[in-house]
Amino acid sequence: MPSIRGLSYPLRVVNGNLATSVDYDLKAQEIVSLVQTRYFERVMRASYGVSDKTLDVIDPGLINSEIQTSISQNVEGLTSLSVQG
């Protein structure tokens, strides 16, 4: 039985209802949402997302570190996380 349930990302309608996701799929979609959002795109959560300049950096370790920090600050319920890119 699923322990967490939420709206799917991206939003879509299935049989007249908003689609939902559970557990691992929900967390994966939350991470994708976070990485695809830039700072200040969300008026009420200006610090949600990643910086525009994150991918301009040449050092992959620095990119991974910034993305991992942003995910750990904004996605609840993760017990361990390792970002490799």
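**Entry 1: the largest pocket**

I began with the lining of the largest pocket, and I noted down Leu-7, Tyr-9, Leu-26, Gln-29, Glu-30, Ser-33, Arg-42, Arg-45, Tyr-48, Asn-74 and Val-75. Since I am working from a predicted model, I record these residues as a reading of that model. For the volume of the largest pocket I wrote about 190 Å³. I then sorted the lining by residue character, and found five nonpolar residues alongside three polar and three charged ones. Which element gives the most to this lining? I looked it up and found H1, which supplies four residues.

**Entry 2: helix H1**

That contribution led me to H1 itself, which runs over residues 23-35. I checked the length of the helix against expectation: at 1.5 Å a residue, its 13 residues should span 18 Å, and I found the end C-alpha atoms 19 Å apart, which agrees.

I next asked which residues of H1 are buried, and the list I obtained was Leu-26, Lys-27, Gln-29, Ser-33 and Leu-34. They cover an arc of only 160° around the axis, so I place them on the same side of H1. Looking for what covers these buried residues, I found strand S1 (5-7), strand S4 (20-22) and H2 among the elements involved. I also noted that Leu-26, Gln-29 and Ser-33, which appear in the list of buried residues of H1, are included in the lining of the largest pocket.

**Entry 3: Leu-55**

I then turned to Leu-55, which I located in the loop between helix H1 (23-35) and helix H2 (60-74). Is Leu-55 buried or exposed? I read a relative accessibility of 60% for Leu-55, and because exposed means over 50%, this residue counts as exposed. I also looked up its separation from Glu-66, and recorded eleven residues along the sequence and 9.9 Å in space, taken from C-alpha to C-alpha.

**Entry 4: the chain as a whole**

Finally I stepped back to the protein chain, in which I counted two helices and four strands, arranged along the sequence in the pattern β-β-β-β-α-α. For its overall dimensions, I took a box along the principal axes, and the C-alpha atoms fill roughly 45 × 30 × 20 Å. Of the 85 residues in the protein chain, I found that 26% are buried. My last entry concerns contacts with a separation of 6 or more, of which residues 24 or more positions apart account for 20%.

How values were computed. Residues are numbered from 1 along each chain as its sequence is written. This is a predicted model: local features need pLDDT of at least 70, side-chain atom pairs count only at pLDDT 80 or more; totals for chains, interfaces and linings use all residues. Side-chain values use heavy atoms; hydrogens and water are left out. Buried means under 20% relative accessible area, exposed over 50%, partly exposed in between (1.4 Å probe, protein chains only). On a 1 Å grid over the protein atoms alone, a cavity is a set of points where a 1.4 Å probe fits but cannot get out, and a pocket is an open set with protein on both sides within 12 Å along at least five of seven lines; lining residues have an atom within 4 Å of a point. Grid points are joined across faces, edges and corners, and a volume is the space filled by probe spheres set on the points. Ala, Val, Leu, Ile, Met, Phe, Trp, Tyr, Cys and Pro count as nonpolar, Asp, Glu, Lys and Arg as charged, and the others, Gly among them, as polar. The expected span of a helix is 1.5 Å times one less than its number of residues. The arc is that of the directions from the helix axis to the C-beta atoms. Contact means heavy atoms within 4.5 Å.
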